[in-house]
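Colleague: I have this one open on the screen. Can you take me through the pockets and then the sheet?

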Amino acid sequence: IRVSVKTGNINEEENQVWLADLMADLLEEGSLTKTSKQIADEMAGMGGNLNIGVGVHTSSVASSVLYEFAPKAIELMADVIRNPKWPSKELDRLKGDLKRDLAVRLSRPRAQATRDFFAAIYPDHPYGRYYPTDQMIDSYTVEDIKEFYSSNFGAKRTTIYVAGNFDKEEVKSAVGNSMSDWHEGPESDYPIANPVTSNTVKIIDRPNAPQSTIYYGLPVADPSNEDYIALDITNSILGGSFASRITSNIREDKGYTYSPRSSIQDNYKSGIWYESADVTTEHTGASLMEIKKEIEKLQNEPPSQEEMDGIINYESGIYVLQNSTPNGIIGQLIFLDTHDLDESFLSNKVKNMHSITPEKVQEMTRKYIRPENMTLIVVGDKIKIEDQIQETVQKPLKQ
């Protein structure tokens, strides 16, 4: 069971980064009718536990319970999301937890690279604001949390997903009894981003680091675009699967890195393709050169049908496996709702994957994956890698 609300970090203002996360933490502290311990005990008695989370596009209250308890669980979850207690005495502790989490994350090179990479591409949008400051967290009040909740939560943005074995009529009745009189709230409102092709090249100095963390990418098509499925297959060939070309090159052949991977960030009406890798310091420039070579090779020559078949069979198999569990099914339905997609996107996905030709992959690489337009963020030992990077990208470095 997942009560999903179409709001999250995307609806935070510039001075509200992680306010939604703090709201979710405080939501876990109980409702007006039950303490957090009473809620936990009741959920445990139904064979489950309560999970409250916030993502970029959605916030949710979720649980898996024994099938006969589904109606009771829905009623309890509705109470939690509709009647939060907002205990102010817990706020300082929760803010302290957030600040510790922030400090740990930002001590890691991947978090530093992520922060600056997306800030460069989305300078004026929540997508580019990954981490708050301690001062920002300290400033948040219970009133700020209440205001965010009242501005973004309500029936119009909420869908209740139930998958698995359950009595359909009893579940419908439980939803109606517990949620039908909830205030409507606002319509869903995802601010559409205008990503920047910034061509930024920046080094974040990490003296004596044995590795360099690379983030290298640019804006591409999003899930609502007709090119998306073909672009997704292209990504799998380039760097998005273990059998991909970049992985085979800089991991298997060269030994520059253990964990290279390319990804498509599925934002609302906006996508980002990027390659990320932790590479040995002395091979930073060489790694970037090999990534570019693989992209240019796919631009100039389509893959073989044998390579295509292997990747498509792998990706379609993974897709089917993901839909074999209740949580997988719910995740796919939320993906549809988030991106305003028709159900045919899911029902026709395997067929559409198998219709992609080698020439289409070459076309997608030429159209979208262009190294000359990419933003590059590298966290590493600046003294040792600056000349390597300059020689490879031949662009001014941002200080």
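Colleague: Start with the second largest pocket: which element gives the largest share of its lining?

Modeller: Helix 4, with three residues. Bear in mind that this is a predicted model.

Colleague: Which elements supply at least two residues of that lining?

Modeller: Helix 1 (19-27), helix 4 (91-106) and strand 7 each do so for the second largest pocket.

Colleague: And how much space lies in there?

Modeller: About 360 Å³ in the second largest pocket. It is lined by 21 residues, and the closest to the centre are Asn9, Trp18, Asp21, Val56 and Tyr130.

Colleague: How does that lining divide by class?

Modeller: Twelve residues of the second largest pocket's lining are nonpolar, three are polar and six are charged.

Colleague: OK, now the largest pocket. How much space there?

Modeller: About 470 Å³. Its lining has 20 residues, with Tyr228, Asp232, Glu315, Gln322 and Lys349 the closest to the centre.

Colleague: Which elements does the lining of the largest pocket draw at least two residues from?

Modeller: Four helices are... let me just list them: helix 9 (228-240), helix 12 (305-322), helix 13 (326-338) and helix 15 (349-354), along with strand 7 (261-267). Strand 7 also gives at least two residues to the lining of the second largest pocket.

Colleague: What about classes in the largest pocket?

Modeller: Its lining holds seven nonpolar, eight polar and five charged residues.

Colleague: Changing topic. How many cavities of 30 Å³ or more does a search of the whole structure find?

Modeller: Three. The largest cavity has a volume of about 40 Å³. Of the 13 residues lining the largest cavity, Leu27, Ile52, Ser59, Ser60 and Phe153 are the closest to its centre.

Colleague: Which elements give two or more residues to that lining?

Modeller: Strand 1 (2-5), helix 1, strand 2 (51-54) and strand 3 (59-62) for the largest cavity. By class, the lining of the largest cavity has ten nonpolar residues, three polar and no charged.

Colleague: On to the sheet of five strands. What is the strand order?

Modeller: The order is 5-9-6-8-7, in an open sheet with mixed pairing. Strand 5 (201-205) and strand 7 are the edge strands, each pairing on one side only. Direction ignored, neighbouring strands of this sheet are turned by 20° against each other on average.

Colleague: How many bridges join strand 7 to strand 8?

Modeller: Seven, and strand 7 and strand 8 (residues 270-280) run antiparallel. Asp266 stands opposite Gly271 in strand 8.

Colleague: And strand 6, how many bridges does it make with strand 8 and how many with strand 9?

Modeller: Strand 6 pairs with strand 8 over ten bridges, in the antiparallel sense. Five bridges join strand 6 to strand 9 (residues 375-380), and those two run antiparallel as well.

Colleague: Take Gly217. What are its bridge partners in strand 8 and strand 9?

Modeller: In strand 8, Gly217 has Tyr274 as its bridge partner. In strand 9, the partner of Gly217 is Thr375.

Colleague: Last one: why call strand 6 largely enclosed by the rest of the structure?

Modeller: Because nine of the ten residues of strand 6 (residues 211-220) are buried. Buried here means under 20% relative accessible area.

Key:
Residues numbered from 1 in each chain as written. Predicted model: local features only at pLDDT ≥ 70, side-chain atom pairs only at ≥ 80, totals over all residues. Heavy atoms only, no water. 1 Å grid on protein atoms, 1.4 Å probe; cavity = no way out; pocket = protein on both sides within 12 Å on 5 of 7 lines; lining within 4 Å. Points joined across faces, edges and corners; volume = space filled by probe spheres on them. Nonpolar A, V, L, I, M, F, W, Y, C, P; charged D, E, K, R; others polar. Pairing = 2+ DSSP bridges. Axes fitted to C-alpha atoms, helices over the stretch in contact; angles between N-to-C directions. Buried < 20%, exposed > 50% of the residue type's maximum accessible area, 1.4 Å probe, protein only.
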